[in-house]
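Here's a quick briefing to read alongside the model on your screen. Take a moment to rotate the structure, then work through the points below.

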Amino acid sequence: MDFVKLSEQRFTAKKFDVNKKIPRDDVEKLKTILQLSPSSVNSQPWVFLWGTSDNSKKRVRPAIADFNWNRIDTCSDFVVIAVRKGLDDKFQHTLLDQEIKDGRIANEEIAKECFESRKFFIDLRERSGQTLNWETKQAYIAMTALLYGAASLGIDSTPIEGFDENKMDKLLNLDNYGVHSVLVVTLGYDAEDDHNRTRPKSRLEQSKIFFDLDKFPG
Ligand SMILES: Cc1cc2nc3c(=O)[nH]c(=O)nc-3n(C[C@H](O)[C@H](O)[C@H](O)COP(=O)(O)O)c2cc1C
(Lines give C-alpha, C1' and ligand atoms only; values in the text may rest on other atoms or scores of the structure.)
Protein backbone atom coordinates (compact mmCIF):
# COMPACT_ATOMS: atom_id res chain seq x y z
CA MET A 1 0.00 0.00 0.00
CA ASP A 2 1.00 3.57 -0.69
CA PHE A 3 2.72 4.93 2.44
CA VAL A 4 0.63 8.12 2.47
CA LYS A 5 -2.57 6.04 2.49
CA LEU A 6 -1.12 3.86 5.22
CA SER A 7 -0.37 6.97 7.31
CA GLU A 8 -3.92 8.17 6.82
CA GLN A 9 -5.45 4.83 7.73
CA ARG A 10 -3.26 3.70 10.63
CA PHE A 11 -4.72 4.58 14.01
CA THR A 12 -4.19 3.67 17.64
CA ALA A 13 -6.42 0.76 18.58
CA LYS A 14 -7.94 1.14 22.02
CA LYS A 15 -9.54 -2.29 22.16
CA PHE A 16 -8.98 -5.46 20.14
CA ASP A 17 -11.23 -8.28 19.00
CA VAL A 18 -10.35 -11.04 21.49
CA ASN A 19 -11.35 -13.74 19.03
CA LYS A 20 -8.82 -12.76 16.39
CA LYS A 21 -5.25 -13.95 16.68
CA ILE A 22 -2.41 -12.77 14.48
CA PRO A 23 -1.28 -15.69 12.27
CA ARG A 24 2.15 -16.91 13.34
CA ASP A 25 3.71 -16.17 9.95
CA ASP A 26 2.62 -12.54 10.33
CA VAL A 27 4.19 -12.53 13.81
CA GLU A 28 7.43 -13.64 12.17
CA LYS A 29 7.10 -10.74 9.70
CA LEU A 30 6.60 -8.30 12.58
CA LYS A 31 9.74 -9.67 14.23
CA THR A 32 11.66 -9.22 10.98
CA ILE A 33 10.46 -5.60 10.78
CA LEU A 34 11.76 -4.98 14.31
CA GLN A 35 15.02 -6.78 13.60
CA LEU A 36 15.58 -4.66 10.48
CA SER A 37 14.83 -1.36 12.17
CA PRO A 38 17.54 1.23 11.60
CA SER A 39 19.51 2.56 14.58
CA SER A 40 22.29 5.07 15.05
CA VAL A 41 25.67 3.49 14.15
CA ASN A 42 23.73 0.23 13.80
CA SER A 43 23.83 0.05 17.60
CA GLN A 44 20.68 -2.11 17.90
CA PRO A 45 20.51 -1.42 21.65
CA TRP A 46 17.20 -3.25 22.10
CA VAL A 47 15.65 -6.49 23.16
CA PHE A 48 12.04 -7.36 22.42
CA LEU A 49 10.03 -9.41 24.90
CA TRP A 50 7.17 -10.99 23.02
CA GLY A 51 3.95 -12.06 24.70
CA THR A 52 0.79 -13.72 23.46
CA SER A 53 -0.48 -16.08 26.19
CA ASP A 54 -2.86 -15.13 29.01
CA ASN A 55 -0.05 -15.96 31.38
CA SER A 56 2.36 -13.50 29.78
CA LYS A 57 -0.36 -10.82 29.84
CA LYS A 58 -0.92 -11.50 33.55
CA ARG A 59 2.79 -11.11 34.20
CA VAL A 60 3.01 -7.60 32.77
CA ARG A 61 -0.48 -6.30 33.62
CA PRO A 62 0.38 -4.91 37.08
CA ALA A 63 2.86 -2.54 35.42
CA ILE A 64 0.35 -1.30 32.86
CA ALA A 65 -1.67 1.82 33.71
CA ASP A 66 -5.33 0.95 34.31
CA PHE A 67 -6.51 3.05 31.35
CA ASN A 68 -4.46 0.72 29.14
CA TRP A 69 -5.71 -2.59 30.57
CA ASN A 70 -8.22 -2.96 27.77
CA ARG A 71 -5.40 -3.04 25.22
CA ILE A 72 -3.34 -5.70 27.00
CA ASP A 73 -6.36 -7.82 27.96
CA THR A 74 -7.78 -7.99 24.44
CA CYS A 75 -4.69 -7.95 22.21
CA SER A 76 -3.47 -10.96 20.27
CA ASP A 77 0.22 -10.25 20.89
CA PHE A 78 2.25 -7.62 22.62
CA VAL A 79 5.87 -6.64 22.83
CA VAL A 80 7.78 -5.00 25.65
CA ILE A 81 10.66 -3.04 24.15
CA ALA A 82 13.68 -2.76 26.42
CA VAL A 83 17.13 -1.25 25.94
CA ARG A 84 20.51 -2.31 27.30
CA LYS A 85 21.86 -0.42 30.27
CA GLY A 86 24.98 0.56 28.42
CA LEU A 87 26.73 -0.81 25.35
CA ASP A 88 29.98 -2.25 26.64
CA ASP A 89 32.97 -3.41 24.57
CA LYS A 90 31.74 -6.99 24.65
CA PHE A 91 28.43 -5.98 23.05
CA GLN A 92 30.22 -3.74 20.57
CA HIS A 93 32.29 -6.77 19.52
CA THR A 94 29.08 -8.78 19.14
CA LEU A 95 27.80 -6.10 16.74
CA LEU A 96 31.06 -6.12 14.80
CA ASP A 97 31.16 -9.93 14.60
CA GLN A 98 27.65 -9.91 13.16
CA GLU A 99 28.60 -7.29 10.57
CA ILE A 100 31.61 -9.39 9.56
CA LYS A 101 29.41 -12.51 9.37
CA ASP A 102 26.87 -10.63 7.24
CA GLY A 103 29.58 -9.59 4.80
CA ARG A 104 29.46 -5.86 5.46
CA ILE A 105 33.12 -5.57 6.30
CA ALA A 106 35.78 -6.36 3.71
CA ASN A 107 38.91 -6.65 5.83
CA GLU A 108 40.45 -6.22 9.26
CA GLU A 109 41.40 -2.63 8.66
CA ILE A 110 37.78 -1.68 7.90
CA ALA A 111 36.65 -3.75 10.89
CA LYS A 112 38.92 -1.70 13.14
CA GLU A 113 37.62 1.57 11.66
CA CYS A 114 34.00 0.45 12.13
CA PHE A 115 34.63 -0.55 15.72
CA GLU A 116 36.40 2.73 16.52
CA SER A 117 33.81 4.99 14.88
CA ARG A 118 30.90 3.27 16.63
CA LYS A 119 32.81 3.41 19.91
CA PHE A 120 33.27 7.15 19.39
CA PHE A 121 29.50 7.72 19.27
CA ILE A 122 28.82 5.37 22.16
CA ASP A 123 31.50 6.98 24.37
CA LEU A 124 30.19 10.45 23.51
CA ARG A 125 26.79 9.55 25.01
CA GLU A 126 28.40 7.75 27.91
CA ARG A 127 30.48 10.81 28.88
CA SER A 128 27.42 13.08 28.87
CA GLY A 129 25.30 10.59 30.81
CA GLN A 130 22.97 10.26 27.81
CA THR A 131 23.37 6.57 27.01
CA LEU A 132 19.93 5.42 28.12
CA ASN A 133 18.29 8.45 26.55
CA TRP A 134 20.10 7.82 23.25
CA GLU A 135 19.23 4.13 23.28
CA THR A 136 15.59 4.95 24.03
CA LYS A 137 15.47 7.13 20.92
CA GLN A 138 16.53 4.08 18.91
CA ALA A 139 13.76 2.05 20.56
CA TYR A 140 11.19 4.61 19.40
CA ILE A 141 12.42 4.17 15.84
CA ALA A 142 11.85 0.42 16.12
CA MET A 143 8.42 1.04 17.62
CA THR A 144 7.49 3.31 14.71
CA ALA A 145 8.63 0.71 12.19
CA LEU A 146 6.48 -1.82 14.02
CA LEU A 147 3.36 0.39 14.00
CA TYR A 148 3.53 1.06 10.27
CA GLY A 149 4.77 -2.43 9.42
CA ALA A 150 1.84 -3.91 11.33
CA ALA A 151 -0.59 -1.58 9.55
CA SER A 152 0.84 -2.69 6.20
CA LEU A 153 -0.11 -6.26 7.15
CA GLY A 154 -3.62 -5.20 8.22
CA ILE A 155 -2.69 -5.53 11.90
CA ASP A 156 -3.81 -2.86 14.37
CA SER A 157 -1.62 -1.67 17.21
CA THR A 158 -1.31 0.52 20.29
CA PRO A 159 1.93 2.22 21.22
CA ILE A 160 2.01 2.36 25.02
CA GLU A 161 3.99 4.71 27.20
CA GLY A 162 1.35 4.44 29.89
CA PHE A 163 3.07 1.88 32.08
CA ASP A 164 5.45 1.88 35.03
CA GLU A 165 8.90 1.10 33.60
CA ASN A 166 10.50 0.26 36.94
CA LYS A 167 7.64 -2.00 37.91
CA MET A 168 7.87 -3.73 34.52
CA ASP A 169 11.61 -4.25 35.04
CA LYS A 170 10.91 -5.84 38.42
CA LEU A 171 8.08 -8.05 37.15
CA LEU A 172 10.25 -9.44 34.36
CA ASN A 173 13.54 -9.38 36.32
CA LEU A 174 15.02 -7.24 33.58
CA ASP A 175 17.79 -6.06 35.91
CA ASN A 176 19.25 -9.57 35.72
CA TYR A 177 19.61 -9.13 31.96
CA GLY A 178 20.99 -5.60 32.16
CA VAL A 179 18.06 -4.11 30.25
CA HIS A 180 15.38 -1.53 31.02
CA SER A 181 11.85 -1.44 29.58
CA VAL A 182 10.89 1.70 27.67
CA LEU A 183 7.82 0.89 25.58
CA VAL A 184 4.99 -1.59 25.14
CA VAL A 185 3.13 -2.20 21.88
CA THR A 186 -0.08 -4.21 21.78
CA LEU A 187 -1.08 -5.83 18.49
CA GLY A 188 -4.15 -7.50 17.05
CA TYR A 189 -7.32 -6.65 15.21
CA ASP A 190 -9.38 -3.69 16.30
CA ALA A 191 -12.71 -4.47 18.04
CA GLU A 192 -15.82 -3.39 16.19
CA ASP A 193 -16.92 -1.28 19.17
CA ASP A 194 -13.56 0.49 19.50
CA HIS A 195 -14.61 4.14 19.48
CA ASN A 196 -11.19 5.14 18.13
CA ARG A 197 -11.81 3.29 14.88
CA THR A 198 -14.26 5.88 13.61
CA ARG A 199 -12.78 8.98 15.20
CA PRO A 200 -11.28 11.29 12.62
CA LYS A 201 -7.56 11.83 12.81
CA SER A 202 -6.53 15.16 14.25
CA ARG A 203 -3.23 16.83 13.48
CA LEU A 204 -1.99 20.40 13.47
CA GLU A 205 -2.31 22.13 10.12
CA GLN A 206 0.80 21.91 7.96
CA SER A 207 1.04 25.71 8.03
CA LYS A 208 1.73 25.44 11.78
CA ILE A 209 4.50 22.87 11.53
CA PHE A 210 6.29 23.40 8.20
CA PHE A 211 8.39 26.45 7.45
CA ASP A 212 10.07 27.38 4.21
CA LEU A 213 13.68 28.16 5.14
CA ASP A 214 13.96 30.58 2.19
CA LYS A 215 11.32 32.74 3.91
CA PHE A 216 12.00 31.84 7.53
CA PRO A 217 13.38 34.96 9.24
CA GLY A 218 15.16 32.98 11.99
C1 LIG B 1 5.11 7.03 22.12
C2 LIG B 1 3.62 6.92 22.21
C3 LIG B 1 3.01 6.53 23.39
C4 LIG B 1 1.64 6.37 23.48
N5 LIG B 1 1.07 5.87 24.61
C6 LIG B 1 -0.25 5.55 24.62
C7 LIG B 1 -0.83 4.88 25.72
O8 LIG B 1 -0.19 4.60 26.73
N9 LIG B 1 -2.14 4.54 25.64
C10 LIG B 1 -2.90 4.82 24.54
O11 LIG B 1 -4.08 4.46 24.51
N12 LIG B 1 -2.37 5.50 23.49
C13 LIG B 1 -1.06 5.84 23.49
N14 LIG B 1 -0.53 6.47 22.40
C15 LIG B 1 -1.38 6.79 21.25
C16 LIG B 1 -1.50 8.30 20.96
O17 LIG B 1 -2.40 8.88 21.85
C18 LIG B 1 -1.92 8.44 19.51
O19 LIG B 1 -0.88 8.01 18.68
C20 LIG B 1 -2.27 9.89 19.12
O21 LIG B 1 -3.38 10.36 19.83
C22 LIG B 1 -2.55 9.99 17.62
O23 LIG B 1 -3.59 9.15 17.25
P24 LIG B 1 -3.41 8.00 16.15
O25 LIG B 1 -2.26 7.13 16.60
O26 LIG B 1 -4.71 7.24 16.19
O27 LIG B 1 -3.16 8.63 14.84
C28 LIG B 1 0.84 6.66 22.34
C29 LIG B 1 1.47 7.08 21.15
C30 LIG B 1 2.82 7.18 21.08
C31 LIG B 1 3.46 7.57 19.76
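In what order do the elements of the protein chain run from the N terminus on? They go α-α-β-α-α-β-α-α-α-β-α-β-α, which gives you nine helices and four strands to find. Keep in mind that this is a predicted model.

**The whole chain**

- The protein chain has 218 residues, and 39% of them count as buried.
- If you draw a box along the principal axes, the C-alpha atoms fill roughly 60 × 55 × 35 Å.
- Take the contacts between residues at least 6 apart in sequence: 80% of these join residues at least 24 apart.
- The accessible surface adds up to about 13100 Å², and carbon and sulfur atoms account for 52% of that.
- There are 33 positive and 35 negative charges in the protein chain, and their mean positions sit 4 Å apart.

**Strand β4 and its partners**

- Why can we call strand β4 largely enclosed by the rest of the structure? Look at residues 179-188: ten of the ten are buried, so the strand is largely enclosed.
- One partner of β4 is strand β2, residues 77-84, and the two pair in the antiparallel sense over eight bridges.
- To see β2 against β4 on screen, find D77, which stands opposite L187 in β4.
- Strand β3, residues 156-160, also runs antiparallel to β4, and five bridges join the two.
- For this second pairing, look at P159, whose bridge partner in β4 is V185.

**From β3 across to helix α7**

- P159 is also handy for finding T144: their C-alpha atoms are separated by 8.6 Å, and the two residues are 15 apart along the chain.
- T144 belongs to helix α7, which covers residues 131-152.
- Is T144 buried or exposed? Neither label fits, because its relative accessibility is 34%, and that counts as partly exposed.

**The loop between α2 and β1**

- S39 is in the loop that links α2 (24-35) to β1 (46-51).
- This serine is buried: its relative accessible area is 13%, and the cut-off for buried is under 20%.
- Which backbone nitrogen lies 3.1 Å from a polar atom of the S39 side chain? That one belongs to S43.
- The backbone nitrogen of Q44 also has a polar atom of the S39 side chain as a neighbour, at 3.0 Å.
- Setting aside residues within four places in sequence, S39 is in contact with Q44, P45, W46 and Q138.

**Positive phi angles in that loop**

- Some background first: most residues other than glycine have a negative phi.
- V41 is not a glycine, yet its phi is positive, at about 45°.
- You'll find V41 in the loop between α2 and β1, where it is partly exposed with a relative accessible area of 25%.
- Q44 isn't a glycine either, and its phi is positive too, at about 40°.
- Q44 lies in the loop between α2 and β1, and at 27% relative accessibility it counts as partly exposed.
- So what should you look for at Q44? Its backbone nitrogen lies 3.0 Å from a polar atom of the S39 side chain, and its phi is positive.

Technical notes. Residues numbered from 1 in each chain as written. Predicted model: local features only at pLDDT ≥ 70, side-chain atom pairs only at ≥ 80, totals over all residues. Heavy atoms only, no water. Buried < 20%, exposed > 50% of the residue type's maximum accessible area, 1.4 Å probe, protein only. Contact = heavy atoms within 4.5 Å. Areas by Shrake-Rupley, 256 points an atom, 1.4 Å probe, with all protein chains shown as cover. Lys, Arg positive; Asp, Glu negative; His and termini not counted. Charge placed at Lys NZ, Arg CZ, Asp CG, Glu CD. Pairing = 2+ DSSP bridges. Polar contact = N/O pair within 3.5 Å; in protein donor to acceptor, adjacent residues only side chain to side chain.
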